[in-house]
Amino acid sequence: MAVTGLILIAFLLMHMYGNLKMFLGAEEYNHYAEWLKGLSEDGGILFPLMPPGWFIWVFRFVLLAAVVLHMYSAATLWKRALAANPSTYQAKRDLARTYSARTMRWGGIILAVGLVFHLLQFTAKVTLVNTPADLDPYQTVISEFQVWWLVLCYAVWVLAVCMHVRHGFWSAFATLGANTSAKARAVLNGCAWAVALILYIGFVIMPVSVLFGWIH
């Protein structure tokens, strides 16, 4: 759970960085999209170690494996918690009563549902709400995020993601042995909030900028 969670947080930070290339204009963003897929003139990531177009599929496989293992770990831990003796685990449950901790399960479900729609929208282009499927990546993003309710849904979804990340970041490092003192706990908590806030601002600022015409 901890390792796969950190892999997914690293992916979110990288994805956020890529989204922010929208502020650099169509040429820069479209080149980035082609580079990820191995379709750019330089052959893409890890070329010539990998043939053009291979990296994105290896990357998708690793990411999918991390998501599946993370969900499997969550289901396994949930079943163990249900089967545990309430008196034995009461103290542990009392320690995990922050809002984010209490909502990790339903937050994970919201995250998964939103992720499926997001992939179908911008990767497969089968759930586009305002855009023909033949536009380039930059124009697709512009067109989709001109719809106010879609931006609102995206902002709420990202909020659920970041709540999940805030608790998950802290829990992951605590599980891996970093929660060794009150000071370490405070540092971990501060870092968790910082990562969550950076992700939220970084993901939401782009679609909001499109909606208000600051990116066009």
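The second largest pocket of this predicted model encloses about 150 Å³ of space. Its lining is made up of Gly 114, Phe 117, His 118, Gln 121, Phe 122, Phe 145, Trp 149, Leu 150, Cys 153, Tyr 154 and Trp 157, and the elements that contribute two or more residues to this lining are α6 (104–122) and α8. Sorted by class, the lining of the second largest pocket holds eight nonpolar and three polar residues, with no charged residue.

Helix α8, which spans residues 148–175, also packs against helix α1, residues 2–19, where the two axes lie 9 Å apart at an angle of about 140°. Angles over 145 degrees would count as roughly antiparallel, and α1 and α8 are therefore oblique to each other. The crossing of α1 over α8 is left-handed. On the α1 side, Ala 2, Leu 6, Ile 9, Leu 12 and Asn 19 take part, and they meet Tyr 154, Val 161, Val 165, Phe 169, Ala 172, Phe 173 and Thr 175 of α8. This contact of α1 with α8 comprises 10 nonpolar and two polar residues, and no charged ones. Tyr 154, one of the α8 residues in this contact, is also among those lining the second largest pocket.

Helix α1 has a further partner in helix α9, residues 182–211, with axes 9 Å apart and an angle of about 35°, and here too the crossing is left-handed. From α1, the residues Ile 9, Leu 12, Leu 13, His 15, Met 16 and Asn 19 meet Val 195, Ile 198, Leu 199, Gly 202, Phe 203 and Met 206 in α9. The contact of α1 with α9 divides into nine nonpolar and three polar residues, again without any charged residue.

Technical notes:
Residues are numbered from 1 along each chain as its sequence is written. This is a predicted model: local features need pLDDT of at least 70, side-chain atom pairs count only at pLDDT 80 or more; totals for chains, interfaces and linings use all residues. Side-chain values use heavy atoms; hydrogens and water are left out. Axes are lines fitted to C-alpha atoms, for helices over the stretch in contact, and angles run from 0 to 180 degrees between N-to-C directions. Helices (H or I, at least four residues) and strands (E, at least two) are DSSP runs, numbered from the N terminus. Angles under 35 degrees count as roughly parallel, over 145 as roughly antiparallel, 65 to 115 as roughly perpendicular and the rest as oblique. A crossing is left-handed if the near helix is turned anticlockwise from the far one by less than a right angle, and right-handed if clockwise. Contact means heavy atoms within 4.5 Å. Ala, Val, Leu, Ile, Met, Phe, Trp, Tyr, Cys and Pro count as nonpolar, Asp, Glu, Lys and Arg as charged, and the others, Gly among them, as polar. On a 1 Å grid over the protein atoms alone, a cavity is a set of points where a 1.4 Å probe fits but cannot get out, and a pocket is an open set with protein on both sides within 12 Å along at least five of seven lines; lining residues have an atom within 4 Å of a point. Grid points are joined across faces, edges and corners, and a volume is the space filled by probe spheres set on the points.
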